[in-house]
Amino acid sequence: MGGDPGKDVHVLDRIQHRIENGRFVSIIGPSGCGKTTLLRIIAGLEKASEGEVLLDGNELIQGTEEVGLVFQEYALFPWRTTFQNIEMGLEIKGVDKEKRRSTAMEYIRTFDLNGFENRYPKELSGGMKQRVAIARTLIMNPRVVLMDEPFGSLDSQTRNAMQEFLLRIWQKRTDTIIFVTHNVDEAVFLSDEIVVLSKRPAKIIKILKVEYPRPRDRTSEECNHIRRDVLRILEEEMKRKAG
Amino acid sequence: MKKERFLLPLLLIVVWQGLCTIQVVPSYKLPSPWEIVLGFKDLLIVGVPPGHFLHNHLLYSLYRVVLGYAAASLWAIPLGLLMGWSARLLRVIRPLIEVVRPIPPLAWIPIAILWFGIGIKSAAFIIFLGAFFPILLNTISGVLSIHPILIEAARTLHAKEKDIFLKVLLPGAVPSIFVGMRIGVGIGWMTLVAAEFTGVKEGYGLGYMIMTARDIQRPDEILAGMLVIGVIGLLIDIGLRATESRTIRWK
């Protein structure tokens, strides 16, 4: 595969896949195929019956600072303000108040949440909530950021804006992103690499590299080309099981 | 809207006063509103028994309630958090609670007197029993109502058990805890007055005051005392409600 062999992630049923440092990898597959389970195992929220998740060749254990997870339903603490949600991880870590404040404020600026730092989640729009959730995860500087259909419940315009926003943020950072989605357009627009999973039990049926420079044009020939490929693979997979 | 609230009570008082004035109702059974006002004045100035003024009765009653209620909260909230968190603990303790809970706090009075004697301890114990279960059960259901994803979110932020307890379970259960505390103080207050009927050592307490008023045949003072109990209960509830809405603005 070339590149920096910094990060190895081996996953699920006879699936072995290695993800390189700093890559944006999307995982796509039929709904219910176990994409979320896969992420939850990597995040340490569930234990795989067999196999292991390795980071730099070492097994990942739950609660490791190396991995962060962004949930589809935001999972913000409703009793905490934007500011308090974002600083939660630092607070748990025992970072002192001043440092917490300055770091959190920096993320609030970067994430365009100025003026909303003292609002509670119920007062925020869907896009804002997801920005808070992403900031809350990234402030911990994880090396691997897991995202479980983070834009799945946003309307399509907000979704597009959030995709562009995410790329802007990520390009200034060194995190590896593993992004689960069922939206082919989204995967093509965002990723360096698209991993297509089969129906349950999930196996990798195809890995596509997307090597076009960013920012990408969603409607360009190249994007359409990849999109067609992915859609065809998914369609065949659906037929295979049905027939 | 605001005015409508007072319409019915006002009408009632006027009719009541009217009936008493034309002596349809004998005043030794139901004193008129005005006589109750005078009785209230006597409670304040003369005292029942004489020298035992209303505000001292009130203070003693509040003291007993605060003591029992504080003890109930201090035990019920942590225990409720633990029981909501650990399914196992819930399974172990719940049967015991289900057996003890339906026993009315007042049914504990005889054994409480045997254990603690007549006095502040048994009164506080009765209040404790009245307030404990609503606070406990609401705390448990508060914890159970927290979406598991929030606990997972905390875990992905590397929260230890202690953090999950203090930063997720406790704040998440607060709205429900408040409901329990409001019900608890209501029951505690009602229970207290009844508990004081059965005897107090210090010679003070609203329940004791009412019973004394009965002994000396003063229905006006009985009713004035009842009104005081009602109003204080209302004020406590208003106070808790205000704290509640300030604390859980996020809801």
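Helices (H or I, at least four residues) and strands (E, at least two) are DSSP runs, numbered from the N terminus. The model is predicted, so that local features need pLDDT of at least 70 and side-chain atom pairs count only at pLDDT 80 or more, while totals for chains, interfaces and linings use all residues. Residues are numbered from 1 along each chain as its sequence is written, and chains are lettered from A and ligands numbered from 1 in the order in which they are written.

**Exercise 1. Describe the make-up of chain B.**

Step 1. Chain B comes to 10 helices and zero strands, and its pattern along the sequence reads α-α-α-α-α-α-α-α-α-α.

Step 2. A box of roughly 75 × 50 × 30 Å, taken along the principal axes, is filled by the C-alpha atoms of chain B.

Step 3. A residue is buried if 20 or more other C-beta atoms lie within 10 Å of its own, exposed if 12 or fewer, and partly exposed in between, with C-beta atoms placed from the backbone. Of the 251 residues in chain B, 35% are buried.

Step 4. Two residues are in contact if their C-beta atoms, placed from the backbone, lie within 7 Å. Among contacts in chain B between residues at least 6 apart in sequence, those that join residues at least 24 apart make up 73%.

**Exercise 2. Work out how α2(B) and α10(B) are arranged, and which residues make their contact.**

Step 1. Axes are lines fitted to C-alpha atoms, for helices over the stretch in contact, and angles run from 0 to 180 degrees between N-to-C directions. The axes of α2 (residues 33-45) and α10 (residues 219-247) of chain B come within 8 Å and cross at roughly 80°.

Step 2. Angles under 35 degrees count as roughly parallel, over 145 as roughly antiparallel, 65 to 115 as roughly perpendicular and the rest as oblique. α2(B) and α10(B) are therefore roughly perpendicular to each other.

Step 3. From α2(B) the contact draws on residues including E35(B), I36(B), L38(B) and F40(B), and from α10(B) on residues including D220(B), E221(B) and L223(B).

Step 4. Ala, Val, Leu, Ile, Met, Phe, Trp, Tyr, Cys and Pro count as nonpolar, Asp, Glu, Lys and Arg as charged, and the others, Gly among them, as polar. On that basis the contact of α2(B) with α10(B) has six nonpolar, two polar and four charged residues.

**Exercise 3. Lay out the sheet of chain A and the helices that accompany it.**

Step 1. Two strands pair if DSSP finds at least two bridges between them. In chain A six strands form an open sheet with mixed pairing, in the order β4-β5-β6-β1-β7-β8.

Step 2. β4 and β8 (204-209) of chain A are the edge strands, each pairing on one side only, and the twist averages 15° from one strand to the next.

Step 3. Inside this order, β1 (residues 24-28) and β7 (residues 193-197) of chain A pair in the parallel sense over four bridges, with I28(A) standing opposite V196(A) in β7(A).

Step 4. Helix α4 (residues 126-138) of chain A lies across β4 and β5 (144-148) of chain A, and runs at about 175° to β4(A).

Step 5. In α1 (residues 35-43) of chain A the buried residues are K35(A), L38(A), L39(A), I41(A), I42(A) and A43(A). Their cover includes β1, β4, β5, β6 (176-181) and β7 of chain A together with α7 (148-156) of chain B.

**Exercise 4. Characterise the side of chain A that touches chain B.**

Step 1. The two chains meet through 19 residues of chain A and 14 residues of chain B.

Step 2. β4 (67-70) and α2 (82-93) of chain A each supply at least two residues of that side of chain A, and the largest share, four residues, comes from α2(A).

Step 3. By class, the residues of this side of chain A divide into 12 nonpolar, three polar and four charged.

**Exercise 5. Locate the unusual backbone geometry.**

Step 1. Most residues other than glycine have a negative phi, and most peptide bonds are trans.

Step 2. R214(A) and P215(A) are joined by a cis peptide bond with omega about -5°, and P215(A) lies in the loop between β8 and α7 (221-242) of chain A. Another cis peptide bond, with omega about -15°, joins V48(B) and P49(B), where P49(B) sits in the loop between α2 and α3 (54-85) of chain B.

Step 3. Y74(A), which is not a glycine, has a positive phi of about 65° and lies in the loop between β4 and α2 of chain A. Y74(A) counts as buried because it has 23 C-beta neighbours inside 10 Å.

Step 4. D112(A), also not a glycine, has a positive phi of about 60° and is found in the loop between α3 (97-110) and α4 of chain A. D112(A) counts as partly exposed because it has 13 C-beta neighbours inside 10 Å.
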